[in-house]
Amino acid sequence: MSKKKLSSKMRILGIETSCDETGIAILEIKKGKFKVKANLVASQAKVHAKYGGVFPNLAKREHQKNLPKLFSLVEKFILKKPPNLIGVTVGPGLDPCLWQGIEFAKEIAKKFKISVVCANHLIGHLLVNFLKFPIKKAKNFYPALGLLVSGGHTQLVLMEKFLKFKVLGETRDDAAGECFDKCARILGLSYPGGPQLEKLAKKFQKIFSKIPKNLKTLKLPRPMIHQKNYDFSFAGLKTAVLYDFMKRPKKERESKIYKILMAKEIQEAVFDVLIEKIKRAQKEFKIKKLFFGGGVLANKILRERIKKEFKKCEILIPQKELCLDNGLLPAVFAFFYQDKKTKNLEKIKSLPNISF
Ligand code: KG4
Ligand code: ZN
């Protein structure tokens, strides 16, 4: 067991504004267990959908609007049982968005005279897995491999000990979720692209017997799959999708069958690479415990594939809603990093480019 001493009774307010979801959560810790008291998320997906991606200044305005709205929904509870710590996401993320959460956290910290922990969004995505277990599980889960796949990141991380992260590899260009969003846009689908592609890919069995001859050969590359490292690259995949799309007659590329086939192939290409790299790392480091996080893990096809491919491992994947950005990510981070809490609010700054 790690020597890190963790308080056994706490109430933490989590504030998340790193990208396009505003999240406010209350996490209680009692007798070595977590209890989620509130987890409210205001998604901006619809606001950004018409632009095909997230506009930082528009997102900032939405956070500004949503934070007090969400907070008012938990205010009664907070006044009755005030939090004794705040966890706020300070990075990585979009700078103007991060600042909205930080300023809001500072105001509340002043009001309740409590400390703040500056939360790392990436670590939060992985630690959120432990919410459903007694806290001692999080301390004894190692060595383990973590895979974080979101709209901004694709990273394979080795955790030899509790809270000791080592990035084995990461994407050299686009993240997997970003690749889904860009490919979806090429196909004329709305933002965020990941769920749209998943919806289409699930229709594959229905059209299987109707695939025309010229679409039967549709195949995309699996970038870097055979390279003996743990890095990823998904920008080329998006370019391959664009070339295929451009070379086809308008009627064909706008057909439902083409979109379904393309969605399935894009997903398979990305998932094949992710699985292959985990397998290699798992063998090299002789690891039997895997944990996952990030928005792309909301994908049912990927979740099922992971469970099938790594039957001999213990696998942790957060429930679907907790894969996406939410206030529990900084709250759970704040619990495990409570020794980093500060009352020096002036020093809290955004860190848009931090890693593990
Ligand atoms: O973790 P997240 O909510 O935000 C970031 O920190 O980036 O991840 C958002 C990403 C988007 O790129 C979105 O398309 C992708 O996760 N995503 C999915 C699914 N749901 C969200 N990708 C594939 N399948 C899904 N069901
Ligand atoms: Zn995220």
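Let's start at ligand 1: of the 21 residues around it, the ones that come nearest are Gly151, Asp181, Glu198, Gly295 and Asn299. Keep in mind as you look around that this is a predicted model.

Two of those residues also turn up when you look at polar atoms. Asp181 puts a polar side-chain atom 2.7 Å from an oxygen atom of ligand 1. Gly151 works through its backbone instead, with an N or O atom 2.8 Å from an oxygen atom of the ligand. Then there's Asp325, where an N or O atom of the side chain sits 3.1 Å from a ligand oxygen. On its own, ligand 1 has 550 Å² of accessible area, and the protein covers 92% of that.

Now zoom out a little. If you go looking for the largest pocket, you end up back in the space taken by ligand 1. What sort of residues make up the shell around the ligand? It's a mix of 11 polar, seven nonpolar and three charged residues. As for the secondary structure behind the shell, helix H4 (121–127), helix H6 (176–186) and helix H7 (193–201) each chip in at least two residues. H7 gives the most, with four.

Why does ligand 1 lie between domain 1 and domain 2? Both of them give residues to the shell around ligand 1, so the ligand lies between the two. If you want to trace them in the chain, domain 1 runs over 10–141 + 321–347, while domain 2 covers 144–286.

While you're following the chain, a few backbone details are worth a stop. H6 and H7, which we met in the shell, have a loop between them, and that's the place of Pro192. The peptide bond leading into Pro192 from Tyr191 is cis, with omega near -5°.

There's another cis peptide bond to check, joining Gly91 and Pro92, and here omega is about -10°. Pro92 belongs to the loop between strand E4 (85–91) and helix H3 (95–112).

Last stop is Lys31, in the loop between strand E2 (21–30) and strand E3 (33–43). Its phi is positive, at about 50°, even though Lys31 is not a glycine.

Technical notes. Residues are numbered from 1 along each chain as its sequence is written. Chains are lettered from A and ligands numbered from 1 in the order in which they are written. This is a predicted model: local features need pLDDT of at least 70, side-chain atom pairs count only at pLDDT 80 or more; totals for chains, interfaces and linings use all residues. Side-chain values use heavy atoms; hydrogens and water are left out. A residue is near a molecule or strand if one of its heavy atoms lies within 4 Å of it. A polar contact is a pair of N or O atoms within 3.5 Å; within protein, one must be able to donate a hydrogen and the other to accept it, and residues adjacent in sequence count only if both atoms are side-chain atoms. Accessible areas come from the Shrake-Rupley method with a 1.4 Å probe; for residues, only the protein chains shown count as cover. On a 1 Å grid over the protein atoms alone, a cavity is a set of points where a 1.4 Å probe fits but cannot get out, and a pocket is an open set with protein on both sides within 12 Å along at least five of seven lines; lining residues have an atom within 4 Å of a point. A molecule sits in a cavity or pocket if more than half of its atoms lie within 2 Å of its grid points. Ala, Val, Leu, Ile, Met, Phe, Trp, Tyr, Cys and Pro count as nonpolar, Asp, Glu, Lys and Arg as charged, and the others, Gly among them, as polar. Domain bounds come from an automatic or database domain assignment.
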